Amino acid sequence: MGGRLKESPMMWLAALILALTATAAQASQAGQAAMQNWTNMDKCGRKAQTDHPDYSAESYAKRDAQMKECLERRSLPSRAPLAPGH
């Protein structure tokens, strides 16, 4: 019985380490998915800015429309409009 009591804390420690490792792996996967989404959102924004570089109301509207379409196509969350006051 004495040997069993000594093994019990080691077993609990091993189980705790295993649980923490699994949790860290899940958090890492969620972080990687978020980073991938942000990268894709930035690509949409860069493309819209490149295609419509002017600072006129018409260019703002075209950038907003292109950005919205790109985000929807990639199943990404929408952003606030780029045009001021909208």
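1. Start with Arg73 and Glu69. They sit 4 residues apart in helix α2, so about one helical turn separates them. Their side chains meet in a salt bridge, 2.9 Å from N to O. The term salt bridge means a side-chain nitrogen of Lys or Arg within 4 Å of a carboxyl oxygen of Asp or Glu. Helices here are DSSP runs (H or I, at least four residues), and strands are E runs of at least two, numbered from the N terminus. Arg73 is exposed, with a relative accessible area of 54%. Glu69 counts as partly exposed at 39%. The cut-offs are these: buried is under 20% relative accessible area, exposed is over 50%, and partly exposed lies in between (1.4 Å probe, protein chains only).

2. A word on the model. This is a predicted model, in which local features need pLDDT of at least 70, side-chain atom pairs count only at pLDDT 80 or more, and totals for chains, interfaces and linings use all residues. Residues are numbered from 1 along each chain as its sequence is written, and side-chain values use heavy atoms, with hydrogens and water left out.

3. Confidence comes next. pLDDT is the predictor's confidence in each residue, on a scale from 0 to 100. The protein chain averages 82, and 80% of the residues score at least 70. Residues 1–5 have a pLDDT below 50, and this stretch makes 0 contacts in the model beyond near neighbours in sequence. A contact means heavy atoms within 4.5 Å.

4. How many salt bridges does the structure hold? There are 3. Besides the Arg73 pair, helix α2 carries Lys62 and Glu58, 4 residues apart, about one turn of the helix. Their side chains meet in a salt bridge at 3.0 Å, N to O. Lys62 is partly exposed, with a relative accessible area of 40%. Glu58 counts as exposed at 53%.

5. Helix α1 has a salt bridge too. Asp51 pairs with Lys47, and the closest N and O atoms are 3.0 Å apart. Both residues lie in α1, 4 residues apart, about one turn of the helix. Asp51 is partly exposed at 35% relative accessible area. Lys47 is also partly exposed, at 46%. As background, an α-helix has 3.6 residues a turn, so residues three or four places apart point the same way.

6. Now the disulfide. The structure holds 1. It joins Cys44 to Cys70, with S to S at 2.0 Å; the cut-off is a pair of cysteine sulfur atoms within 2.5 Å. The pair links distant parts of the chain: Cys44 is in helix α1 (residues 2–51), Cys70 is in helix α2 (residues 57–73), and they are 26 residues apart. The angle about the S-S bond is -65 degrees, and the link is left-handed. Cys44 is buried, with a relative accessible area of 2%. Cys70 is buried as well, at 7%.

7. Look at α2 as a whole. It has 17 residues and reaches 24 Å from its first C-alpha to its last, close to the 24 Å expected at 1.5 Å a residue. That expected span is 1.5 Å times one less than the number of residues. Which residues of α2 are buried? They are Ser59, Arg63, Asp64, Gln66, Met67, Cys70 and Leu71.

8. Gln66 deserves a look. Its place is in helix α2. Gln66 is buried, with a relative accessible area of 18%. It touches Lys47, Ala48, Asp51 and His52, not counting residues up to four places away in sequence. Two of these names, Lys47 and Asp51, are the salt-bridge partners of α1.

9. Check the aromatics. The structure holds 1 aromatic pair. The ring centres of Tyr55 and Tyr60 are 6.5 Å apart and their planes stand at 65 degrees, so the pair is edge-to-face. The rule takes rings of Phe, Tyr and Trp (its six-membered ring) with centres within 6.5 Å; planes under 30 degrees apart are stacked, over 60 edge-to-face, and the rest tilted. Tyr55 is exposed, with a relative accessible area of 65%.

10. Last, Ser75. This residue is found in the segment after α2. Ser75 has a positive phi of about 55 degrees although it is not a glycine. Most residues other than glycine have a negative phi. Ser75 counts as exposed, at 64% relative accessibility.
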